[in-house]
Amino acid sequence: MIDFRSDTVTLPSPAMLQAMIYAPVGDDVYGDDPTVNDLEQWAAERHGFEAAIFCTSGTQANLLALMAHCERGDEYLCGQQAHNYKFEGGGAAVLGSIQPQPIENENDGSLSFAKLASAIKPVDPHFARTTLLSLENTINGKVLSLAYLQQARTFVNLHGLQLHLDGARVYNAAIALAVDIKEISQYFDSMSICLSKGLGAPIGSLLLGDKKLIAKARRWRKVLGGGMRQVGILAAAGKYALTENVTRLAEDHANAHYLAQQLSLLEGFTVNPALVQTNMVFAKLDPAINQQKLQDTLKEQGIILSTGNPVRLVTHLGISRIDIETFLTALKQALKP
């Protein structure tokens, strides 16, 4: 299958599977899994934090961050398009009693500091207490600049807030900016990293922060049913992903840009290749194109697309340049009257 729906569909490589098979394990709830302990200690140091915790998913890692930073009745600021506001089941409100205050994202994915400042609540019992600003990098494939992140740090310091990064694809941002990951992480009080997207692990995310925050997150992870036992098998995949699959993300970015260029040449497709910064392409389809019929035709040939208009196409380690050429050939054939 050639699956463009998401970079979450990646499969473990033979080398990653070998690392999983031979990982030494123990009971992680007791703190006895050496592979988990190694991953957490290594990840904390690698990203410039005091501590880390291995989580089942990015949704869980973000929720733990929110619940560790905020108390019941607190509020966090975020974007209208933020994953931890829009796509995580309302977990902050449902499970954390934390009020989200979404702000409209700018075209580049950033949030206006003027709009954020106006949303901060006065210290008054009538209002939720604004505690945290949560950013996302990348967001819909767009990269927040280092200058913007520095401004965000200045903003939260000025207003007495904490700063969290939903870094599900933060390594895509680092590769696009051609910087070491610490150039991004240095501005944040906490950061999540998804291991099961472009980095290619089958499952898992990390939450990074200081020791106090991670200790609080560890308790909430247990409460939420996230205490896992011999989970070193999965942690080994995560460590492999972080040590072996980072630099190759540049290939995904190049493939996405090539795909955007080629789609922009097709009648009925509107794509701006200049807007493709990482591994996501958004293509607007002409209303005359029967999208469901197109998807069904391509699926019969082993090519899977997301629904929606614009349609999102995501490149990843499971998609080669040859696969893209195969897709383009099939697409041109399917578009013929």
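Let me begin with one contact: the side chain of serine 306 reaches the backbone oxygen of arginine 5 at 3.5 Å. Please bear in mind that this is a predicted model.

Where does serine 306 sit along the chain? Serine 306 lies in the loop that joins strand 11, residues 303–304, to strand 12, residues 311–314. Is serine 306 buried or exposed? Its relative accessible area is 16%, and because buried means under 20%, serine 306 counts as buried.

Which residues surround serine 306, once neighbours within four places in sequence are left aside? The contacts are with Arg5, Gln291, Gln295, Val311 and Arg312. Arg5 thus appears in this list and also supplies the backbone oxygen I mentioned at the start.

I turn now to the annotated domain. An unreviewed UniProt entry assigns residues 3–284 to "domain: Aromatic amino acid beta-eliminating lyase/threonine aldolase". Over that span, helix accounts for 42% of the chain and strand for 17%. The C-alpha atoms at the two ends of the span are 19 Å apart.

Finally, I would like to present one helix pair. Helix 2, residues 34–47, and helix 11, residues 232–244, have axes that come within 8 Å and cross at roughly 35 degrees. The crossing is left-handed. On the helix 2 side, the residues that meet helix 11 are Thr35, Val36, Asp38, Leu39 and Trp42. Helix 11 contributes Gly232, Ala235, Ala236, Gly238, Lys239, Leu242 and Thr243. By class, the residues of this contact comprise six nonpolar, four polar and two charged.

Technical notes. Residues numbered from 1 in each chain as written. Predicted model: local features only at pLDDT ≥ 70, side-chain atom pairs only at ≥ 80, totals over all residues. Heavy atoms only, no water. Helix = DSSP H or I, 4+ residues; strand = E, 2+ residues; numbered from the N terminus. Buried < 20%, exposed > 50% of the residue type's maximum accessible area, 1.4 Å probe, protein only. Polar contact = N/O pair within 3.5 Å; in protein donor to acceptor, adjacent residues only side chain to side chain. Contact = heavy atoms within 4.5 Å. UniProt positions renumbered as here; feature names shortened; annotations may be inferred. Axes fitted to C-alpha atoms, helices over the stretch in contact; angles between N-to-C directions. Left-handed = near helix turned anticlockwise from the far one by under 90°. Nonpolar A, V, L, I, M, F, W, Y, C, P; charged D, E, K, R; others polar.
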